[in-house]
Amino acid sequence: MINNGIINIGDNNTNTIINTIDYDKVSKELELLLDHYKDETIEEALTYSKNKDEKKLISCLKKLSKEVLKMIKHLSLITLEKLIEKNLF
């Protein structure tokens with residue numbers, strides 16, 4: 001006889017998503033973006049990321065233009081890209 005049951009042993013929560021922001025990576029990527037595209041919204045976002053103010057940082061990221069979003073993808077700023085996708089879409 002064949003048993004088609006599923007055996008659960010150990011920690012089954014291996015796919016837990018951690019919702020913390022790596023502010024150091026975000027700050028570095030914002031500085032790199034600022035080197036390529038001068039914008040006061042990016043400067044504000046950089047300030048908020050250094051101060052670890054999540055709400056104001058997200059608010060600034062929501063104000064970025066489509067051109068800046070294209071630049072983020074072009075420069076492969078993965079941390080920023082994922083943060084924007086998570087909070088805007």
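Angles between helix axes under 35 degrees count as roughly parallel, over 145 as roughly antiparallel, 65 to 115 as roughly perpendicular, and the rest as oblique. That wording is used below for two helix pairs in this predicted model, whose protein chain has 5 helices and 0 strands. Two packed helices are described by the angle between their axes and the distance between the axes.

**The chain as a whole**

- Read from the N terminus on, the elements of the protein chain follow the order α-α-α-α-α.
- The protein chain has 89 residues, and 30% of them count as buried.
- The exposed area of the protein chain comes to about 7,000 Å², with carbon and sulfur atoms supplying 50% of it.
- Among the contacts in the protein chain with a separation of 6 or more, 53% are between residues 24 or more positions apart.

**Helices H4 and H5**

- Helix H4 covers residues 66-74 and helix H5 covers residues 78-88; their axes come within 8 Å and cross at roughly 135 degrees.
- Because that angle falls in none of the three named ranges, H4 and H5 are oblique to each other.
- The crossing in which H4 passes H5 is left-handed.
- On the H4 side the contact is made by Leu69, Ile72 and Lys73, which meet Leu80, Glu81 and Ile84 on the H5 side.
- Sorted by kind, the residues of this contact of H4 with H5 comprise 4 nonpolar and 2 charged ones, with no polar residue among them.

**Helices H1 and H2**

- Helix H2 spans residues 40-50 and packs with H1 at an angle of about 160 degrees, the two axes lying 9 Å apart.
- With that angle over 145 degrees, H1 is therefore roughly antiparallel to H2.
- H1 and H2 form a left-handed crossing.
- From H1, the residues Tyr23, Val26, Ser27, Leu30, Glu31, Leu33 and Leu34 take part in the contact, and they meet Ile42, Glu43, Ala45, Leu46, Ser49 and Lys50 from H2.
- The residues of this contact of H1 with H2 divide into 8 nonpolar, 2 polar and 3 charged.

**Ser27, a residue of the H1 and H2 contact**

- Ser27 belongs to helix H1, which is made up of residues 23-36.
- With a relative accessible area of 9%, Ser27 is buried, because buried means under 20% relative accessible area.
- Leaving aside residues up to four places away in sequence, Ser27 touches Leu46, Ser49 and Lys50, and these three are also listed among the H2 residues in the contact with H1.

Conventions: Residues numbered from 1 in each chain as written. Predicted model: local features only at pLDDT ≥ 70, side-chain atom pairs only at ≥ 80, totals over all residues. Heavy atoms only, no water. Helix = DSSP H or I, 4+ residues; strand = E, 2+ residues; numbered from the N terminus. Buried < 20%, exposed > 50% of the residue type's maximum accessible area, 1.4 Å probe, protein only. Contact = heavy atoms within 4.5 Å. Areas by Shrake-Rupley, 256 points an atom, 1.4 Å probe, with all protein chains shown as cover. Axes fitted to C-alpha atoms, helices over the stretch in contact; angles between N-to-C directions. Left-handed = near helix turned anticlockwise from the far one by under 90°. Nonpolar A, V, L, I, M, F, W, Y, C, P; charged D, E, K, R; others polar.
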